[in-house]
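Please open the model in your viewer and display the ligand together with the protein. The tour below proceeds from individual contacts to the wider surroundings.

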Amino acid sequence: MSAAEDYRHQITSISYRNKAFINGKYVDAASGKTFDCISPIDGRVLTKVAACDKEDVDRAVKAGRAAFESGKWSNIAPRKRKKILQKFAALVEQHKDELALLETLDMGKPISESLNSDMGGVVNCMEWFAESVDKIYDELAPRRPDSVSMITREPLGIVAAVVPWNFPLMMAAWKYSPALAAGNAVILKPAEQSPLTALRIAELASEAGIPDGIFQVVPGFGETAGQALGMHMDVDMVAFTGSTEVGKYFLKYSGESNMKHISLECGGKSPNIIFADVHDLDYAAKEAAAGVFYNSGQVCTAATRLLIQQDVRDAFLEKVAKYSEAWAPGDPLDPKTLMGSMVDESQMSRVMSYIDVGQKEGAKVAVGGKQALSETGGFYVQPTVFEAVNNNMRIAQEEIFGPVLSTITFKDEAEAVEIANNSIYGLQANLWTRDVKKAHNVARALRAGTVNVNATDGGDITAPFGGYKQSGIGRDKSLHAFDKYTQLKHTYIHLR
Ligand code: NAD
């Protein structure tokens with residue numbers, strides 16, 4: 001039996017958690033409503049999931065508030081909280097094969113990616129923040145000897161994590177790991193396209209010893225469950241990852257409700273700048289293809305704008321075209337597949353419409369440009385490379401969120417920086433050169449939260465991640481993440 005057949009066999013006995021997880025129990029939505037959870041691999045309905053709405057969110061917030069105020073999580077010894085979170089991480093690791101399969105079925109990414117990259121990253125993130133719980137100290141301000149001026153970090157209370165579908169469990173882990181470590185109660189709302197892994201780990205959280213009400217999951221749509229969390233008067237913070245458009249709604253919800261804290265990880269249109277003096281043109285071309293086609297281009301940091309210095313344009317484009325072929329979509333359940341499906345039919349249609357827009361704008365399709373594997377019933381798009389793109393075209397300015405690369409030519413350093421920064425986004429930028437001085441100068445001039453030199457993904461849990469401009473507000477990952485899940489209290493004691 002091939003590995004893909006083996007996975008198909010495992011699917012026949014899989015049991016899906018499809019109800020909301022509120023106050024330690026799986027429950028139906030109060031309305032009894034459900035929505036179809038469709039696999040983009042073949043368009044099949046996997047299960048029906050509880051469609052939570054305001055009433056369910058109210059129930060979860062009530063349980064979360066009671067659990068938070070009881071102190072059974074926020075006020076326990078840090079060492080104890082650490083042990084429970086370590087156990088939670090260990091349980092997720094034990095179930096990583098099952099979770100990876102759920103992730104692949106639910107959103108169509110290749111199984112080897114779900115298993116190694118996503119689940120590996122999730123477990124590492126959970127372990128890292130669990131380990132940090134009893135390593136962070138508070139501060140004493142320098143004051144007169146007859147006074148004590150303490151600056152302490154306190155949890156906010158109820159943190160709602162509203163996350164997207166492109167890395168369903170990883171984006172959730174980046175939020176619930178530091179939020180729980182800081183002592184908050186978390187209500188997780190997975191994207192409606194990919195709720196299965198979030199629902200499965202809820203019971204693992206319970207099994208690890210996280211008290212009822214401290215980790216809850218409310219699946220449902222953005223306009224219902226998401227909005228109810230954003231507008232709730234008793235939610236203290238929303239940690240959001242998703243589109244810039246919806247990120248702005250959360251700022252509005254906050255202003256219209258209780259001024260809850262909002263952190264936003266939003267969209268991107270990352271430039272990947274290839275200077276003619278790049279050390280290894282071939283390697284840079286291979287990485288340029290990987291940087292845009294990984295996860296079918298459904299990556300906020302995807303290097304979708306390829307800026308090539310004119311002297312090496314033809315040679316570089318030829319190599320990029322060659323490496324792009326390797327990303328032809330395949331069966332997500334085959335461990336050898338590099339690129340799987342799009343998350344759903346509407347995302348596939350959106351990408352195809354941008355391919356059409358690019359051609360109408362005058363850009364030329366050099367590679368791909370078509371839908372693929374339609375006989376499977378799933379939603380696949382060929383890796384697509386546009387040449388002759390102008391940075392003002394929509395395909396260079398708007399986030400497509402698919403396997404579509406726009407290539408643009410530049411003359412010199414100044415023009416490269418000008419084009420790179422000409423975007424409403426500022427999540428990540430990459431540049432390739434062998435000149436250290438140029439690397440420093442350009443990195444400094446780029447308006448982005450992350451700059452990679454001679455790489456397209458230097459991210460790690462140890463480094464903060466987030467956006468400049470309309471790519472977001474606040475940072476995930478690293479100890480800086482605690483800034484958003486805690487508030488500072490100043491306590492002054494007069495000793496006279
Ligand atoms: P989305 O904004 O459509 O949805 C994200 C979440 O918000 C989902 O849970 C959704 O249900 C909810 N939502 C949607 N409409 C809502 C509304 N009106 N009110 C309240 N909640 C609502 O994004 P998506 O399509 O799921 O994901 C793709 C986007 O996510 C891309 O723009 C991508 O760049 C971004 N993203 C950013 C990062 C980052 O760290 N910067 C990481 C991954 C994805």
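Begin at the backbone of G242: one of its polar atoms is 3.4 Å from an oxygen atom of the ligand, a polar contact being a pair of N or O atoms within 3.5 Å. This is a predicted model, in which local features need pLDDT of at least 70 and side-chain atom pairs pLDDT 80 or more, while totals for chains, interfaces and linings use all residues. Residues are numbered from 1 along each chain as its sequence is written, and side-chain values use heavy atoms, without hydrogens and water.

Next, select W165, where a polar side-chain atom lies 3.0 Å from a ligand oxygen atom. Then move to Y253; an N or O atom of its side chain is 2.7 Å from a nitrogen atom of the ligand. The protein buries 92% of the 840 Å² that the ligand exposes when taken alone (accessible areas by the Shrake-Rupley method with a 1.4 Å probe).

Now select every residue with a heavy atom within 4 Å of the ligand. This shell holds 29 residues, the closest being E192, S243, Y253, C266 and E399. Colour the shell by domain: domain 1 (3-266 + 471-490) and domain 2 (271-461) each supply at least three residues, with bounds from an automatic or database domain assignment.

Finally, highlight α9, a helix as a DSSP run (H or I, at least four residues). With 4 residues, α9 gives the largest share of the shell.

Notes. A polar contact is a pair of N or O atoms within 3.5 Å; within protein, one must be able to donate a hydrogen and the other to accept it, and residues adjacent in sequence count only if both atoms are side-chain atoms. Helices (H or I, at least four residues) and strands (E, at least two) are DSSP runs, numbered from the N terminus.
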